[in-house]
Every structure is written in structure tokens, then in C-alpha cells.
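Q: Could you take me through the nonpolar core of this one, up close? I'd like to know which residues and elements build it, and what's going on away from it too.

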Amino acid sequence: ARPLGAALRRLAELEKLCADANIDEHDYTVYSVGDLEYDTEMTLKALEKKARFIENQSAVRNMTNLTPAQLEEFETTFRYFDRDGGNALSGTEFRAALDSLGHSFSDDEFAVLFSQLAGGAELISFEVYIRFMVELTEDQTTPEQLLHSFRVIAADKEYVTPEDLHMSDLSPASVAYLLRMMPKSSRAESAYDYLAYLRGVFQR
């Protein structure tokens, strides 16, 4: 881009010299500097878009557990809500993307989720977004494995607490999702009924 910028600046100087000399027509070109600047800008934008596409494909190449159609849906949604083309989503854009994919959160839930994913930043990258979406939709665990995992996390209790979940190997995004989806348990304060949650999952 820098060599092109220098060349365009030189052409602008020459064009001004021609204008000062009252030369309106050129035998060797029909393009003005403005035309060239516009074409250069469009070319650079196309290259940036292609670079982002390659970067995004690299980010998802090892995520083989989802179908190509699912990954395409996630990427298309990301591109649609990435209004400025910066390959990152603001909180408003990310929430709109989740809503469009059928994942809605309350204001408080979303604030916690976005803070965890963004790590204090104002934007989340495509890679963070796609990994979160994979995490939400992946389903490779058998019911027996899932029940065993919850029993380990809950230390064999019939309920699980936020503290249990945060002390597990689950990611912050998974913890936020589970706390949103699991029904409350009456067995203890701030407890969640993971057995009822699993019954609902297995029935679906």
C-alpha cells in the first residue's frame, strides 16, 4: 500500500502541473488521479476481505466436529453483524448475532458472558466467537458420560452450585450457559438441579 500511496501522490503532483498549464486532455490515459485512488481503495478492501476470509478459515480448520453447513452459518452470521468489517464484534453486534442464531440471554447474563469472552476488551475476535458457537452446539458426549461429569463436579450431591462449576475444568462460557439453562434446586441456596436439566436434554 505504501508504494501505491507514493505513486498516487506523485501522479497528483503531475496532474496539478497539467491543470496549471491548462492541459485538459492526455493522449496516454483517460484516467484521473481520483479514478486511480478509488480503484486502489477498492482493491485494498478486496485484499483485506480475502485476508480475513483466510484467517477465519484457518481458525476453524481444526473444528471438525460440526458440519460444514453449521460452520458456514456461524461465519455468515458473523460477517453480517461485523458492520465495519474489522473481523471483530462489539457487544451489541455479538448479542444480535446470538439472537439471530436462537441464543438469547438476559441483560445480566449477557454482560457476564461478554466480559468473560472479551477479557475486558470492547470487541471479541472471530476466533473467540466461533469457538464459543462450537461450544454451544457441540454434542458428542453420551448421556452416561454427561451424568458422570456432573456428579464429579457436584461431588456426588444431587445439585450443583456456581462455585462447583467455577472450580471445574469448564470454560467461563460453558459455566455461564449452564447457569442460564439449569433450573434452580430447592435442596440448597444458590443451587441448581442438574438432574432435571439433564432429563430435559436427554428428552430433546
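A: Here's a walk through the core, followed by a few spots elsewhere.

Keep in mind that this is a predicted model. The largest nonpolar core has 38 residues. Within that core, the residues with the most contacts are Phe94, Leu113, Tyr129, Phe132 and Met182. As for who contributes, α3 (68-81), α4 (91-100), α5 (107-118), α6 (126-137), α7, α9 and α10 each give two or more residues. The largest share comes from α6, with 7 residues.

Let's zoom in on Leu113. Leaving out residues up to four places away in sequence, Leu113 touches Phe94, Leu98, Phe105, Phe132, Ala173 and Ala176. Two of those partners, Phe94 and Phe132, are also on the list of residues with the most contacts inside the core.

Now for nonpolar side chains on the outside. Leu11, Leu14 and Leu17 form a surface patch, and together they have about 250 Å² of accessible area. Leu11 sits in helix α1 (residues 2-20) and counts as partly exposed because its relative accessibility is 35%.

Two loop residues are worth a look for their backbone. Most residues other than glycine have a negative phi. Asp156, though not a glycine, has a positive phi of about 70°. You'll find Asp156 in the loop between α7 (143-153) and α8 (162-166), and with a relative accessible area of 65% Asp156 is exposed. Ser190 also has a positive phi, near 55°. Ser190 lies in the loop between α9 (172-181) and α10 (194-203), and at 45% relative accessible area Ser190 is partly exposed.

Notes:
Residues numbered from 1 in each chain as written. Predicted model: local features only at pLDDT ≥ 70, side-chain atom pairs only at ≥ 80, totals over all residues. Heavy atoms only, no water. Patch = residues over 30% accessible without salt bridge, like charges linked within 9 Å, V, L, I, M, F, W, Y side chains within 5 Å. Areas by Shrake-Rupley, 256 points an atom, 1.4 Å probe, with all protein chains shown as cover. Salt bridge = Lys/Arg side-chain N within 4 Å of Asp/Glu carboxyl O. Helix = DSSP H or I, 4+ residues; strand = E, 2+ residues; numbered from the N terminus. Buried < 20%, exposed > 50% of the residue type's maximum accessible area, 1.4 Å probe, protein only. Core = buried A, V, L, I, M, F, W, Y, C linked by side-chain atoms within 4.5 Å. Contact = heavy atoms within 4.5 Å.
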